[in-house]
Amino acid sequence: MNNWKQFSKMHMDILKEIGNIGAGHAATSLSSLLQKPVEMKVPDARLVSFNEISERLGGAEQVVVTTLLTIQGDVTGYMFFILQQDGAKRLIHSLLNQEEADSCNELHLSAVQEVGNILSGSYLSALADLTGLNIQPSVPEVAIDMAAAILSYGLLEVGKVGDHALVIDTCFYDRPGQERPIEGHFFLLPDPDSFSILFQALGVTEHDKGD
Amino acid sequence: MTKVINVGMADLNVACAPDKIRTTGLGSCVGVVIYDPSRKIAGLAHVMLPSQEFSRGDTNQAKYADTAIPALIEKMIACGANRSQFQAKLAGGAQMFKFQSSSQVMRIGERNVEACKCQLERFNIPVVAEDTGGNFGRTIELDTLNGVLYIRTANRGIKEL
């Protein structure tokens, strides 16, 4: 299914629901790690051009802390767990009970990597349970760099069919109602061929209009 | 007035003096800059993949090294640039993540750089400077007035080529 522009509202709603269920499980995992409530925003599933993809993170040059897993199995693609730098610092602070450090050392990075791994794992296993598909996350990698430079890694596969990517973005944050939350994004970026497999597993055909 | 022309991912464009031309957030992508110092005309392509052979129905010429560079040269000549004066600079082609896998995708930055050099050689355009590889992103901006390429990174400051 290469022509994503033909996706109906129902298809997009299903993708949002995937984000909802996946990130819901991830938020629960984070909540138990931090031992405090974690809230989630309404997921967003959107077809974006390559140049728009970093916008929700503050622009192409915004420096972000990212854990990336590649997805293998019946469905392939990429899962990014993205934090702004100050959010990452606060997360490390909460987890390690240390003062907020100015720079990231190896221990800090590996803490972020492990959190990203646990949360992405919860997200993907919820997705595997929902669909009954074999979905295997890779070993996580972590990077602190410009959003566009990081995200472009996930665009290599979709780039072969066009200049747009379908991103399922779910944002969550702690400290509901307070300032300076730890805010994180999950970007699920399935490869183009994976959409029809996902829809099929959920009992929807590509041409279903639904409404 | 000086304008800054922004080139997006998998895109290309040309700038004439006194304008500047830039592209942001190069990861494994390669920024190819071709400059004609005699006419002060610069072209920039933000290349994502080494060859159009990777395409599965996509027709964006600017995305692939083997189609972007010929298209860029053509566009520069159409703007009045003198081909015999062309010189190139390259930046990007990083390996942002070091997944332990033998998959070719993992070396895509390196392969993009190789493919760009191969195309530039094909058109007899010398590569006068490059800042490629590593594991970090880059934003580049070329000043058409002097041909200097400014390379900005998240943690390594600014470099001039």
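The buried residues of helix α5(A) are covered by elements that include α1, α3 (106–131), β7 and β8 of chain A. In this predicted model, α5 spans residues 194–201 of chain A, and its buried residues are S194(A), F195(A), S196(A), L198(A) and F199(A). Immediately after α5(A), the backbone at G203(A) adopts a positive phi of about 80 degrees.

One of the elements that cover α5(A) is α1, and helix α1 of chain A, residues 9–34, also holds a charged pair. K9(A) and D13(A) form a salt bridge in which the closest N and O atoms are 3.1 Å apart. An α-helix has 3.6 residues a turn, so residues three or four places apart point the same way. K9(A) and D13(A) fit this spacing because they are 4 residues apart in α1, a separation of about one helical turn. The two partners are not equally accessible: K9(A) is exposed at 58% relative accessibility, whereas D13(A) is partly exposed at 32%.

The structure as a whole contains 19 salt bridges over all chains. Several of them involve a set of charged side chains in chain A, where D44(A), R46(A), R56(A) and D169(A) are linked in a network. Within this network, D44(A) pairs with R56(A), with the closest N and O atoms 2.7 Å apart. D44(A) belongs to strand β2 (residues 44–49) of chain A and R56(A) to the loop between β2 and β3 (63–73), so this salt bridge ties together parts that are 12 residues apart in sequence. R56(A) also pairs with D169(A), and here the closest N and O atoms are 2.4 Å apart. D169(A) lies in strand β7 (residues 164–174) of chain A, so its salt bridge with R56(A) ties together parts that are 113 residues apart in sequence.

The burial of these residues can be added to the picture. D169(A) is buried, with a relative accessibility of 2%, and D44(A) is likewise buried, at 17%. R56(A), the arginine that pairs with D44(A) and with D169(A), is partly exposed at 37% relative accessibility.

Beyond strand β7, the chain enters the loop between β7 and β8 (183–190) of chain A, where E179(A) is located. What is the accessibility of E179(A)? E179(A) is exposed, with a relative accessible area of 69%. E179(A) is also 38 Å from V75(A), C-alpha to C-alpha, and the two are 104 residues apart in sequence.

Attention now turns to the contact between the chains. The size of an interface is often given as the accessible area lost when the parts come together. Between chain A and chain B this buried area is about 2700 Å², and carbon and sulfur atoms give 61% of it. Y153(A), L156(A) and K160(A) supply 24% of the area that chain A buries against chain B, more than any other three residues. The contact draws on 30 residues from chain A and 36 residues from chain B.

Polar and charged pairs also cross this interface. There are 12 residue pairs in polar contact between chain A and chain B, both residues being at pLDDT 80 or more, and 4 salt bridges between the two chains. One salt bridge joins the side chains of R56(B) and D193(A), at 2.9 Å from N to O. On the side of chain A that touches chain B, the elements that give two or more residues are β3, β6 (141–146) and α4 (147–151). Of these, β6(A) gives the most, with 6 residues. By residue type, this side of chain A divides into 17 nonpolar, 6 polar and 7 charged residues.

The cysteines complete the description. How many disulfides are there over all chains? The count is 0. In chain B, the sulfur of C29(B) is 10 Å from the closest cysteine sulfur, that of C116(B), which is too far for a bond. C29(B) is buried, with a relative accessible area of 1%. C79(B) is likewise in no disulfide, and its nearest cysteine sulfur, in C16(B), is 5.2 Å away. The cut-off for a disulfide is a pair of cysteine sulfur atoms within 2.5 Å. C79(B) counts as partly exposed, at 38% relative accessibility.

How values were computed: Residues numbered from 1 in each chain as written. Chains lettered and ligands numbered in written order. Predicted model: local features only at pLDDT ≥ 70, side-chain atom pairs only at ≥ 80, totals over all residues. Heavy atoms only, no water. Buried < 20%, exposed > 50% of the residue type's maximum accessible area, 1.4 Å probe, protein only. Contact = heavy atoms within 4.5 Å. Buried area = accessible area lost by both parts, 1.4 Å probe. Polar contact = N/O pair within 3.5 Å; in protein donor to acceptor, adjacent residues only side chain to side chain. Nonpolar A, V, L, I, M, F, W, Y, C, P; charged D, E, K, R; others polar.
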